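User: Please take one part of this structure and go through it closely, then set it in its surroundings. Give the cut-off for each term that you use.

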Amino acid sequence: MGNKQLLNSIYGDLLRVDSLDTHYNNLNSAYDTLRSSRDGSQQLPEASSAICSTELNRLVRDSFSIDELRKDGIYFTGDDLAKHAANFIKKDLSLKSRVLDPACGGGNLLIAISKHLPVKKHLKSTLEAWSKVLYGLDLNLRFINIAKKRIVFEAIMRGVVVDIDSVDEAAALLKHINTGNGIEDVSNCKELTHVIMNPPYNNIKNSFSDLWGTNSLVNSAAVFTKLYIENITPDTQFVAILPEVLRSGNRYIGWRNNIQSILRGRAVLKGKFDSKTDVDVFVLTGRKIAKNTKKIQWVDEYISPLKYIVSDYFNVSVGAVVAYRDKLEGESSPFIYPKNVEPWKKCIPRSERRRFKGRLVKPPFVVIRRTSSPSDSNRAVASVISGKEKVAVENHFIICSPKSGSLKDCLDLLENCKSSVTNEYLNNYIRCRHLTVSAVKTIPLDME
Ligand SMILES: C[S@@+](CC[C@H](N)C(=O)[O-])C[C@H]1O[C@@H](n2cnc3c(N)ncnc32)[C@H](O)[C@@H]1O
């Protein structure tokens with residue numbers, strides 16, 4: 001069998017493996033075969049797709065349960081998004097750079113960075129040079145081992161002469177990529193020129209209640225970002241792929257203010273993380289600065305074609321009833337929640353009643369479903385509630401009560417919610433799967 005066939009057969013196997021450990025072992029044997037065959041490196045570009053991120057990401061999804069993936073936020077970045085993130089800093093990268101990914105997983109972002117580093121003639125000298133540039137941490141040893149080996153193959157694919165006996169020996173040269181806790185080991189940032197990250201998005205214990213209120217849990221991406229931007233030195237460049245909730249969620253207003261006081265940069269909307277993960281992401285990129293006075297434009301400026309916004313004509317709030325939590329106490333009232341109200345209709349709630357001691361709402365008013373995704377044909381699905389009795393409204397609704405008390409204003413808002421202006425506006429403003437009161441308040445409004 002010729003070298004080319006040999007390599008393609010090895011990499012073909014890599015593409016078909018069904019567990020992460022097999023993938024890892026195959027990387028070892030691919031290296032051994034390559035080392036024992038003459039001129040192997042010449043053929044590697046042909047096989048580069050076999051160790052691409054998409055394949056690793058598939059294996060990771062197959063090797064862990066959903067609960068495990070969620071618990072540690074194990075969602076690796078696809079090739080395109082990793083390339084996009086690296087592009088923000090590529091022109092400043094050199095063998096003098098020091099780039100850290102503090103939650104590096106299988107190395108997708110570090111690999112995207114390595115593509116902008118020069119190679120030397122031999123594998124050993126290339127890895128020695130790269131090892132001074134590439135820094136990575138991850139809780140999971142399996143990911144660290146795979147990350148290092150993939151970087152070794154990345155160098156080989158760039159055409160270097162393979163002069164190291166085993167892939168383990170080669171991987172060991174990458175001495176700054178190690179297991180560690182990205183949150184606890186944050187203090188060591190002084191040497192860094194760049195930090196790049198797609199941190200976990202799982203919820204962790206809230207230790208900064210001054211920034212995001214007293215909730216007991218907080219998105220760990222917010223913690224990673226805050227800690228690293230605080231600890232890097234001025235002029236260090238920062239790039240992070242972050243969940244949409246940090247860009248538009250009310251709960252993270254304090255986080256956004258804190259970040260923009262020390263980072264001069266921008267937030268670039270990217271859309272869905274990948275075809276399997278229903279979370280929209282944005283890239284936060286910029287330079288640490290001692291005291292920044294220029295605000296980050298978290299939301300693109302939207303030039304409304306309409307004269308008013310919803311809060312000019314309506315008081316906007318969230319329904320008060322938390323059905324599973326609130327006791328059945330107080331007067332019995334009509335009770336509405338998304339399943340018993342028809343979308344886009346005017347209705348008098350008659351079908352269900354419940355006792356509720358909290359805030360009741362006097363009709364007429366409009367309810368808008370909070371659950372809302374950028375992939376929906378309408379972001380603000382509304383209904384008009386009329387009738388004489390005050391209503392108990394569940395908290396999956398956002399309520400718009402007309403300041404005029406007029407039913408006509410409610411019907412106008414219903415039509416307004418169907419419009420392309422509303423969809424465009426909300427898709428620009430909020431890409432989370434839930435609408436917020438502030439998003440609804442600022443919907444452009446057409447009123448006579
Ligand atoms: C969203 S993945 C991103 C991996 C990689 N940066 C990429 O872009 O493909 C997050 C990674 O963070 C790791 N992780 C979770 N908590 C961590 C922590 N406290 N310190 C370091 N790594 C952590 C997970 O094991 C996972 O590999």
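Analyst: A residue is called buried if 20 or more other C-beta atoms lie within 10 Å of its own, exposed if 12 or fewer do, and partly exposed in between, with C-beta atoms placed from the backbone. Helices (H or I, at least four residues) and strands (E, at least two) are DSSP runs numbered from the N terminus. The model is predicted, so local features need pLDDT of at least 70 and side-chain atom pairs count only at pLDDT 80 or more, while totals for chains, interfaces and linings use all residues. Residue numbers start from 1 along each chain as its sequence is written.

The part chosen is strand 15, residues 365–369. Five of its five residues are buried, so strand 15 is largely enclosed by the rest of the structure. Phe-365, Val-367 and Arg-369 point one way from the strand, and Val-366 and Ile-368 point the other way. Arg-369 is thus listed among the buried residues too.

Strand 15 has pairing partners, where two strands pair if DSSP finds at least two bridges between them. With strand 16 (residues 382–385) the pairing is antiparallel, over four bridges. Strand 18 (residues 397–402) is also joined to strand 15 by four bridges, again antiparallel. Val-367 takes part in both pairings: its bridge partner is Ser-383 in strand 16 and Ile-399 in strand 18.

Next, the setting. The bounds of domain 2 are 308–445 and those of domain 1 are 77–288; such bounds come from an automatic or database domain assignment. The C-alpha centres of the two domains are 41 Å apart. Seven residues of domain 1 are in contact with seven of domain 2, contact being defined as C-beta atoms, placed from the backbone, within 7 Å. On the domain 1 side, helix 12 (residues 244–248) gives the most, with three residues.

For comparison, here is a sheet elsewhere in the model. It is open, with seven strands in the order 3-2-1-4-7-9-8 and mixed pairing. Strand 3 (177–179) and strand 8 (263–274) stand at its edges with a single partner strand each, so one side of each has no neighbour in the sheet. From one strand to the next the twist averages 15°, with angles running from 0 to 180 degrees between N-to-C directions and axes being lines fitted to C-alpha atoms, for helices over the stretch in contact. Strand 2 pairs with strand 3 in the parallel sense over three bridges, and Gly-136 has Ile-177 of strand 3 as its bridge partner. Helix 11 (residues 220–231) lies across strand 4 (194–197), strand 7 (237–243), strand 8 and strand 9 (277–288), and runs at about 170° to strand 7.

A buried charged side chain can be checked in a helix as well. Lys-149 belongs to helix 8 (residues 141–157). Lys-149 is buried, with 24 other C-beta atoms within 10 Å. Leaving aside neighbours within four places in sequence, the contacts of Lys-149 are Leu-27, Val-167 and Ala-171. Leu-27 is 122 residues away along the chain, yet the C-alpha atoms of Lys-149 and Leu-27 are separated by 7.2 Å.

Finally, the whole protein. Buried residues account for 44% of its 448 residues. There are 17 helices and 19 strands, and the C-alpha trace spans about 85 × 50 × 40 Å along its principal axes.

Methods:
Two residues are in contact if their C-beta atoms, placed from the backbone, lie within 7 Å.
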